[in-house]
Amino acid sequence: MTASPEINLPRVVAEVRTAFEDYERALLDNNLEVLDGYFWDHAATVRYGVAENLHGGEQIARYRRQCQPVGPGRKLFNTVITTFGDDYATVSTQFRDGVTERVGRQMQTWVRFADGWKVVAAHVSVDLSTL
């Protein structure tokens, strides 16, 4: 049995927070190059969205070029970053789009690779209980 990883090492939480905030800025700016760079470019990467099921970095990148960009009114709340050792993390957040009263939810699994932190799995959904 392996030892349990240390949870929420402050320096690792700070690194993931920086990557996540940069990702969020790129999302609001529709900076496709930065967004692509934050997703692991591999067939095993998964992103399930409100109306799409995407498998692989290539499919995720293609989707980004066809979808409606996120609006500038998007606001995050209840963001939780949990890190496991030095190389694994989850980021969970809720958001409002700034247009409707709907509440969205977003979860990402992040892994540290040689070239930085990457999202290896993501899920975006709308909380139907708030409609």
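**Aromatic contacts, sheet architecture and backbone outliers**

In the predicted model, tyrosine 38 has a relative accessible area of 15% and is therefore buried, the limit for that class being 20%. Tryptophan 110 is likewise classed as buried, with a relative accessibility of 0%. Five aromatic pairs are present in the structure. One of them is formed by tyrosine 38 and tryptophan 110, whose ring centres are 5.7 Å apart and whose planes meet at 65 degrees, an edge-to-face arrangement. This pair connects distant parts of the chain, since tyrosine 38 belongs to helix α2 (residues 32–38) and tryptophan 110 to strand β5 (residues 103–113), with a separation of 72 residues. Tyr38 and Trp110 also belong to one aromatic cluster, which they form together with Tyr23 and Phe39.

A further pair involves tryptophan 40 and phenylalanine 113, for which the centres of the rings are 5.4 Å apart and the planes lie at 25 degrees, so that the arrangement is stacked. Here too distant parts of the chain are linked, tryptophan 40 lying in the loop between α2 and β1 (46–48) and phenylalanine 113 in strand β5, 73 residues apart. Both members of this pair are partly exposed, the relative accessibility being 25% for tryptophan 40 and 26% for phenylalanine 113. A contact of another kind is found at phenylalanine 95, where the charged end of arginine 74 sits over the ring at 4.2 Å from its centre.

Strand β5, which carries tryptophan 110 and phenylalanine 113, is part of an open sheet of six strands with mixed pairing, arranged in the order β2-β1-β6-β5-β4-β3. The edges of the sheet are occupied by β2 (53–55) and β3 (75–84), each of which has a single partner strand, so that one side of each remains without a neighbour in the sheet. From one strand to the next, the twist averages 15 degrees. In general, the strands of a sheet pair through backbone hydrogen bonds and may do so in parallel or antiparallel fashion.

Within this order, strand β6 (residues 116–126) stands between β1 and β5. Of its 11 residues, eight are buried, and β6 is therefore largely enclosed by the rest of the structure. On one flank, β6 runs parallel to β1 and is joined to it by three bridges, with alanine 122 of β6 serving as the bridge partner of arginine 47. On the other flank, β6 runs antiparallel to β5, and 10 bridges join the two strands; in this pairing, histidine 123 of β6 is the bridge partner of methionine 107. Strands β5 and β6 form a hairpin, in which two residues lie between them. Towards the β2 edge of the sheet, β1 and β2 run antiparallel and are joined by three bridges, and tyrosine 48 stands opposite asparagine 53 of β2.

Strands β1 and β2 are crossed by helix α3 (residues 57–64), which runs at about 135 degrees to β2. Four residues of this helix, Gly57, Ile60, Ala61 and Arg64, are buried. These residues are placed on the same side of α3, because the arc that they cover around the axis is only 100 degrees. Such a pattern may be read against the geometry of an α-helix, in which a turn takes 3.6 residues, so residues three or four places apart point the same way. The packing partners of the buried residues of α3 are α1 (10–29), α2, β1 and β2, and these residues thus have contacts with helices as well as with strands.

With regard to backbone conformation, most residues other than glycine have a negative phi. Two asparagines depart from this sign. Asparagine 8, although not a glycine, has a positive phi of about 55 degrees; asparagine 8 is located in the segment before α1 and, at 34% relative accessibility, is partly exposed. Asparagine 78 likewise has a positive phi, near 55 degrees, in a residue other than glycine. Asparagine 78 lies in strand β3, one of the strands at the edges of the sheet, and is exposed, its relative accessible area being 53%.

Technical notes: Residues numbered from 1 in each chain as written. Predicted model: local features only at pLDDT ≥ 70, side-chain atom pairs only at ≥ 80, totals over all residues. Heavy atoms only, no water. Phe/Tyr/Trp six-rings, centres within 6.5 Å; stacked < 30°, edge-to-face > 60°. Buried < 20%, exposed > 50% of the residue type's maximum accessible area, 1.4 Å probe, protein only. Lys NZ or Arg CZ within 6 Å of the ring centre and 35° of its normal. Pairing = 2+ DSSP bridges. Axes fitted to C-alpha atoms, helices over the stretch in contact; angles between N-to-C directions. Contact = heavy atoms within 4.5 Å. Arc of directions from axis to C-beta.
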